[in-house]
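Thanks for passing this one along. Here are a few notes to read with the model open beside you.

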Amino acid sequence: MKQIIVLLSIFTTFATFSSAYFPVNSCGSLNVPGVYSLQNDVTVPFESQEPCFTFNSDSIILDCNSYRINSTYVDFGETWDLIPLADGILINGRYNATIKNCVFEKLDDAIQIDGNVGVLIENNTIRNNGGAIQRRLGIKSDGITIRNNYLESNHYTYFKWDPYYNWHWVIYGSGVYLQASNSLVENNTITDTQSTSYGGCGLFIEGSNNHVRNNILIQNTCGIKLTEAQNTLLENNFIDGYGTNGELIFALFGTSNNSIIRGNTLIGSVVLKPNSKFPSKVQTDSLTQVPIYDEAAAGWGYTITNNTFNFTGFNLLLGSNNIFSGNNVFSPFEFSSMSNLNIKKNEFKNVPIYLSVIDANISNNSFENSSINLINSVNNYVCDNIMKLNAGDGILLNNSVNNHVCNNRIFDNSGSGIKSDSGLNNQFYNNEINNNLNRGIDLSDSGSLVKSNKILSNGIGISVTGPSNLIYNNLFSNSINVFGPTVTSTIWQISKTLGTNVVGGAYLAGNFWSDYYGLDLNWDDIGDTLIPYTSSGNITGIGDVAPLVYPASYICGDMNGNGHVNVVDVTYLVKYLFQSGPAPIPLKAGDVNLDGKVNVIDLSYLSNYLYRDGPTPCFGILSKGQETHYLKIIELN
């Protein structure tokens, strides 16, 4: 992917200004190059149509020496129509201007910049104005540097007539509205910028190749909003919108492509949505409870790395070729209508994740109490993730097609490990699905594949309510391995094929079932008796005609697996049956009468053998990996 380089020399180098020095005592026009040094506070009438200072030449430095530029406006709180009209400084179409060490108060806009090149705004305090740093005419600037400024409470309240609302109170305010490219915004603190309608953003940038870093934005109506912001780098900013009345803490709108967002802490809702500069309709998504927007959009090439997202929500809507990597996400999270998306090495905690994506790679993430929901998604890989401790399902697919869910560890969820509803041709393989309260896999797909998974200690191993699915080479060891009835078109095995199976046997065929007690009579690690396996009738149709068996050696009647059959094994079986002791190793070693069950009849059979010269366990058959040899049981000690 094409990376961005925005640190141009214009950020830190400015032309050498004239050595002319001018002390300033009152408002006025600055007409020749030089250094203008403010000597005292200056005031402009609040109804003035002219700004206090206008830069009428290139290469001007205004140093306020910490003096104030303000108006005669008095803040009466909620006023009827008393709004300041006076501005502080206007710079229009100039080169190499500097504004520093000023205090701006009670102005309409503190600073207005349009069509300038090489402007430096630093070390200013801007508070209690309508707007802080604004564009007026919409003429794009280039090479603007805004750094080390403090912006606080830039908004005012007034009473307004509106045909829809009639007379009502309105809050208007704006922080930095920068319409520029090749610019740097760094080390600023922006707080309490409010608006009930348009505006209210601490930082609003329209332009390309900008670098925004190390800023602190707290409790603004919205934190950072970008539009038409190609090749933008945002890094190491702290943005906290929690507790404000705004809908956004951070947003990318318009064709804000090929941008890098890294190392930021974002507390509040986050929406990345291209091609929608001023959304006309805002509604709350019923799933994520964060705002969504209804306009069409297209955006490409975001790289979002090593950020912390907290509290209310994150949306990335529409676009392609985006990377979301190494982030800590504690907010509801949604990617919609995205393609060629990489979500990798992130930590999601205590939040739902909603994805409507195509050709995405979702890998090496940790999801804790953060179920992942693929909705109307196609051709995605969800692999090598950890999904645990979710209140619902670990992974949920809905109306999704041709997805691969593989090599995941999915455990301790209150719902099912994997649930796929109304999908088609999905593949689920090499997953470890353990200790989920409901089902290991809940499958209502058509034509999907389930293979080579280890599905252990779930409430139910698998349920199948969709047609024509293929399920083979899985290890099922659950209280109930199959919840029935199943669809009769389900296929539970493939033709016997050479290859190591899920329990280490020599062939691929059906599945391993913990409650299958049949025998392997021809040494191929596939059961030959008590077939087809139907999970006590829960499998409707043919069932598994080639169930797998363990290839490991065992001796029938050797309950504790020590290689001998004696009175210790009787005690072991008593504890298993009546005192919640451990199961025989393996369980089928306890089925000494070969009736497919381990119960008190086996205890009687073994006791008769040891004490009353009864028949030998398994009728004299020595079992080795259920590859039975018709030999006498080994001599007892």
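**Notes on helix 1 and the cores**

1. Let's begin with helix 1, residues 567-578, bearing in mind that this is a predicted model. Its twelve residues, at 1.5 Å a residue, should span 16 Å. The C-alpha atoms at the two ends of helix 1 lie 17 Å apart, which agrees with that expectation.

2. Which residues of helix 1 are buried? They are Asp569, Val570, Tyr572 and Leu573. Because these four cover an arc of only 160° around the axis, they sit on the same side of helix 1. Part of what covers the buried residues of helix 1 is helix 2 (600-611).

3. Both ends of helix 1 are worth a look. At its start, Asn566 brings a side-chain oxygen to within 3.0 Å of the backbone nitrogen of Val568. Just after helix 1, Ser580 has a positive phi of about 60°.

4. Now to the interior. The largest nonpolar core contains 92 residues, and Phe53, Ile69, Phe104 and Leu355 have the most contacts inside it. Strand 36 (residues 333-344) gives the most to this core, contributing five residues.

5. Ile69 is a good residue to click on. Leaving aside residues up to four places away in sequence, Ile69 touches a list of partners that includes Leu38, Val42, Phe53, Ile89, Val103, Phe104 and Leu107. Cys52, Cys64, Gly88 and Glu105 are also among the residues it touches. Another core, of 14 residues, lies apart from the largest one, and its members include Cys556, Val565, Val592 and Tyr605.

How values were computed: Residues numbered from 1 in each chain as written. Predicted model: local features only at pLDDT ≥ 70, side-chain atom pairs only at ≥ 80, totals over all residues. Heavy atoms only, no water. Expected span 1.5 Å × (residues − 1). Buried < 20%, exposed > 50% of the residue type's maximum accessible area, 1.4 Å probe, protein only. Arc of directions from axis to C-beta. Contact = heavy atoms within 4.5 Å. Polar contact = N/O pair within 3.5 Å; in protein donor to acceptor, adjacent residues only side chain to side chain. Core = buried A, V, L, I, M, F, W, Y, C linked by side-chain atoms within 4.5 Å.
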